[in-house]
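User: I am new to this structure and should like to understand the reasoning behind some of the terms applied to it. Please set each value against its criterion.

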Amino acid sequence: MNSLMKLKFVGCPKSFSRVRMFSSEIKRWDGGVSMVQGASRGIGLEFVKQLLEKTKEGHVVATCSNPSVATGLLELKNKFADRLDIHRLHLTNDTTIEETAKAVEDKYGCLNLLINASSLISIPHVAHPDKSLSGILRSFEVNAIGPIMVLKGMWPLLKAGGTDSEIAVVANIIHGETTITANDRRRWHSYICSQDRLHRLTGGVLMELQQRKEDGITCIVLYPGVRQTKQYSVRMLLRTINDVKTSKIRPVYSADEHDYHYYP
């Protein structure tokens, strides 16, 4: 876990103004500012939809690799033009992460919630990452390393967003079982292994937060489940996120992964 220290989460990218980011004059937005990475479809799109519809306040930053073809997001943009921003962010492209972070800083100055919802999975007749070394490496880039690099890029914004009354939350979504049993049943080798690494990396970041006594931000893993609908899962997971924000639930890193792992 000590290797995570090299990511320097508490540092600011050069593109950020330290004076602005850590100034007491940072504007607090009613309803907060939430970012959903991997928002073009599936559970990521549902998070964006419910974040916008559950209240008349709050702003959402939705990112995906190709916004021009994200029809669901574009429909929401037409409906919530003043509250939804859409940005191109590719998990394997550092420049797009930095550009998104700069755009959010310029407009909002902070983030209160980051949801990493994207994943790369084996799909019959469509995607087979387990069949080549490059495919396996891409699974780890998208499912494990990418979300942590997004967290690194948004770190100053999250630090600026956390307050004594409501901490900033990073929620990494684990889309499927990360067990040997599930792997044996579905043969999703690289997917399950990479999701397991994201799980452990999240625990490592949480451990560092505790060691540094960073009280304004925390990290959790959320598992939507396989039997619930997207609408139900997201509704329950947002309830959990809200409980973490207000410290009704306080994640603690330990050898037991379930201390920071939540189900709907």
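User: Why is R83 said to have no salt bridge?

Analyst: In this predicted model, the nearest side chain of opposite charge to R83 is E57, 8.2 Å away. A salt bridge requires a side-chain nitrogen of Lys or Arg within 4 Å of a carboxyl oxygen of Asp or Glu, so R83 has none, although R83 is buried.

User: What makes the approach of the R83 side chain to G58 a polar contact?

Analyst: The side chain of R83 reaches the backbone oxygen of G58 at 2.7 Å. The limit for such a pair of N or O atoms is 3.5 Å, so the pair qualifies. The backbone oxygen of L52 likewise lies 3.0 Å from a polar atom of the R83 side chain.

User: Where does R83 lie, and which residues are in contact with R83 beyond its neighbours within four places in sequence?

Analyst: R83 is in the loop between α3 (71-79) and β3 (84-88). With those neighbours set aside, its contacts are L51, L52, T55, K56, E57, G58, H59 and V60.

User: Which residues touch the most other members of the largest nonpolar core?

Analyst: Among its 30 residues, these are F47, V48, L73, I115 and I241. The elements that each supply at least two residues include β2 (59-64), β4 (113-116) and α8 (230-245). The largest share, 6 residues, comes from α2.

User: What does I241 touch, not counting residues up to four places away in sequence?

Analyst: I241 touches F47, L113, I115, V169, A171, I220 and L222. Apart from the largest core lies another, of 25 residues, among them L89, L114, L157 and V205.

Technical notes:
Residues numbered from 1 in each chain as written. Predicted model: local features only at pLDDT ≥ 70, side-chain atom pairs only at ≥ 80, totals over all residues. Heavy atoms only, no water. Buried < 20%, exposed > 50% of the residue type's maximum accessible area, 1.4 Å probe, protein only. Lys, Arg positive; Asp, Glu negative; His and termini not counted. Polar contact = N/O pair within 3.5 Å; in protein donor to acceptor, adjacent residues only side chain to side chain. Contact = heavy atoms within 4.5 Å. Core = buried A, V, L, I, M, F, W, Y, C linked by side-chain atoms within 4.5 Å.
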